[in-house]
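Subject: Structure handover

Hello,

Here is the structure I promised to pass on. Please open it alongside this email.

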Amino acid sequence: MKDQCVRSLAVACLAFALFTASDCDLLTDNEPFVCTVQELRPNPDRGYYDLIVEVKRISLADPGKDRFSVETPMQSLALKDLTFIEEGEESEYLEPGDVFIVPLRRPDWKFFIRDHNDIHCIHNFWEMLPAHDQWHPTKSEAMAVAESLVLEMSVGLPLPEAQILPNEWRLAEEEDPASQDPCGFRLYQKIRASEVKEKVLVTFCYLTDAEMRERATLGGTVFLTGWTEWTRKFGRSCTISGHEAVCWDMPGIGEHGWSYRYAYIDRNVLLEIDLEADPREWIISDEDKRNEGRTRAVFLQYGYGPEGEAGWQIMISLRKNGEGTFFKRSSRGITIQKEFLLTDNQLQTIYQSLADNRFRELESRSGPPGGQESFLSILEEDTSHIVRVRNFSLPPYEAVASLIRSIVLPLVDEV
């Protein structure tokens, strides 16, 4: 039971070791591309900082500037477009001694240089930033939700409930303990434009009589440290919302590049909290949230299958700003996901096809068993229309579906 909360520990350890490095001293003796941070310089015009970076060593074949990009948590920059303070005679190539400026965006705290699938010059400069500019998962709305958790009696059991749910937050999933399993969970999510921005996963377990006696003997912190593998290997004593806790700070881990986990005991209930906070949410304005909700909302979903020998089930989702996701799953459970972006003309062509084929007047139709099934749904502010077709010829529907495939599949190399 205790070890059920261990999640991909080996991978996490590797990522933790990689991204917590504060300088390019990982394997530098063998690295073909090494750089150093000379200075973190305030930039009053942008209200944040510029990073001054020097190339110390580069032994890559044909190191043209146009092959590299500089990646930060907030942006991706073509290296060839950056300002070079110093550069060698071959200005089209990177050379030792080149010095360039990385214009940071709040709250950038690290960067690396990408060369196709290779990564070089990993730097974490978080400690160089003033405290008020040091983003951290505990400075997020996710943390505010987590800190508001209170055990409330329900069906005769103390269950964790968040007392603060800011706008866009909701309880997405929940499961109470059962006789076979003394642990349950609550999953809170912040959702905008059908996209999960932040989440708080609360796993809670009722201590057994033996565990309560062990806790009384050892003390709360020592007991927590031995609770499960992550607390033993990575846990550090901390205090959160007045509770003695064990915390695991994980820069470099998680979908947003920095995860945080902590555990504490309240009324003989052990609570483990996982925070996934998006650093972009730290700076986004209410107006930008509204605009993002309008422009990035999913307005169309098209699914069909099975397709091919692998029995692929395929889903295409389109957002109002032209962003899209192509997802497919085989009958054996293999999944592939690709992102794409439509031009304004491509997006307008799909809108026009929906209108020309009077999609909102179509109804679901079904033919004999077997064959391919598909659906197409249009989502608006408060309304939706979905048409499902199974092994049936419906020309207006197929005209729209065929157009979507002809536009999207070449963009994701699925022709």
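Below is what was found, from the whole chain down to one residue.

First, the ground rules. This is a predicted model, with local features needing pLDDT of at least 70, side-chain atom pairs counting only at pLDDT 80 or more, and totals for chains, interfaces and linings using all residues. Residues are numbered from 1 along each chain as its sequence is written, and side-chain values use heavy atoms, leaving out hydrogens and water.

The whole chain

The protein chain has eight helices and 24 strands. Both are DSSP runs numbered from the N terminus: helices are H or I with at least four residues, strands are E with at least two. The C-alpha atoms fill a box of roughly 75 × 70 × 45 Å along the principal axes. Of the 415 residues, 46% are buried (under 20% relative accessible area; exposed is over 50%, partly exposed in between; 1.4 Å probe, protein chains only). Among contacts (heavy atoms within 4.5 Å) with a separation of 6 or more, 53% join residues 24 or more positions apart. The chain exposes about 21,200 Å², and carbon and sulfur atoms supply 48% of that. This area comes from the Shrake-Rupley method with a 1.4 Å probe.

The seven-stranded sheet

One open sheet has seven strands, in the order 11-12-13-17-16-15-14. Its pairing is antiparallel. Two strands count as paired if DSSP finds at least two bridges between them. The edges are strand 11 (169–175) and strand 14 (236–240), each pairing on one side only. From one strand to the next, the twist averages 25°. Angles run from 0 to 180 degrees between N-to-C directions; axes are lines fitted to C-alpha atoms, for helices over the stretch in contact.

Helix 6 (residues 286–295) packs on this sheet. The helix touches strand 12 (183–192) and strand 13 (195–206), and its direction makes about 90° with that of strand 12.

Within the sheet, look at strand 15 (residues 243–251) and strand 16 (residues 258–266). They are antiparallel and share seven bridges. Trp248 has Arg261, in strand 16, as its bridge partner.

One residue to look at

Glu39 sits in strand 1 (residues 33–43). Is Glu39 buried or exposed? Neither: Glu39 is partly exposed, because its relative accessible area is 34%. Leaving aside residues up to four places away in sequence, Glu39 touches Asp50, Leu51 and Ile52. Met128 is 89 residues from Glu39 in sequence, yet their C-alpha atoms are 9.3 Å apart.

Best wishes
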